[in-house]
Amino acid sequence: MTLALAQARHAASLDEVPVGAVVMRQGQVVGQAHNETVHRSDPTAHAELLAIQRALQAVGTDRLDDCTLYVTLEPCAQCAGAIVLAKVGKLVFGAYDDKAGMCGSVGDLVRHPRLNHRAEVLGGVEAEACGDLLKAFFVARR
């Protein structure tokens, strides 16, 4: 989560919403990213999606079942869908997102019983640090 928080801080320095994500496989980083929605003018350029794409390319496969995705904010529907499609083995996230979180808050797409893959999920890791970073970013913008 420390590496994901570093990605989130970098995002904030670029005026991006401070969310960071890191994909680990056997103790090695295989993908990492921060939100790039403003820079790319693309509302789908979320940290999780970009980190998953980079990890898939690095690993050279279409599944990440032996990987752990660390992200500073509970994934949204888009990113939860990507986690399922990429068959990420484990998801570890920081702050819960009561407005858009689809890994337990608003819904639970990553563990939906009718889908063909369900990730192991651990939420609330470093939640205060992750949440404080987001709060400070939005307070500064107002």
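Here is a short conversation about a predicted model, covering its sheet and one histidine.

Trainee: In what order do the five strands of the open sheet lie?

Mentor: Good place to start! The pairing in this open sheet is mixed. Read across the sheet, the strand order is β2-β1-β3-β4-β5.

Trainee: Which strands are the edge strands?

Mentor: Look for strands that pair on one side only. That description fits two strands, β2 (28-34) and β5.

Trainee: Do β4 and β5 pair in the parallel or the antiparallel sense?

Mentor: Three bridges join β4 and β5. One of the residue pairs to look for is lysine 90 with its bridge partner in β5, glutamate 120. The sense of the β4 and β5 pairing is parallel.

Trainee: Which strands does helix α1 lie across?

Mentor: Find residues 2-13, which form helix α1. The helix runs at about 150° to β1. The strands it lies across are β1 (20-25), β2 and β3 (67-73).

Trainee: Is histidine 117 buried or exposed?

Mentor: First find histidine 117 in the loop between β4 (90-95) and β5 (120-122). Its relative accessibility is 13%, and the cut-off for buried is under 20%. Histidine 117 therefore counts as buried.

Trainee: Which residue has its backbone oxygen 2.8 Å from a polar atom of the histidine 117 side chain?

Mentor: Leaving aside residues up to four places away in sequence, histidine 117 touches Ile83, Val84, Lys87, Val88 and Val110. The backbone oxygen at 2.8 Å from a polar atom of that side chain belongs to valine 88.

Definitions and conventions
Residues are numbered from 1 along each chain as its sequence is written. This is a predicted model: local features need pLDDT of at least 70, side-chain atom pairs count only at pLDDT 80 or more; totals for chains, interfaces and linings use all residues. Side-chain values use heavy atoms; hydrogens and water are left out. Helices (H or I, at least four residues) and strands (E, at least two) are DSSP runs, numbered from the N terminus. Buried means under 20% relative accessible area, exposed over 50%, partly exposed in between (1.4 Å probe, protein chains only). A polar contact is a pair of N or O atoms within 3.5 Å; within protein, one must be able to donate a hydrogen and the other to accept it, and residues adjacent in sequence count only if both atoms are side-chain atoms. Contact means heavy atoms within 4.5 Å. Two strands pair if DSSP finds at least two bridges between them. Axes are lines fitted to C-alpha atoms, for helices over the stretch in contact, and angles run from 0 to 180 degrees between N-to-C directions.
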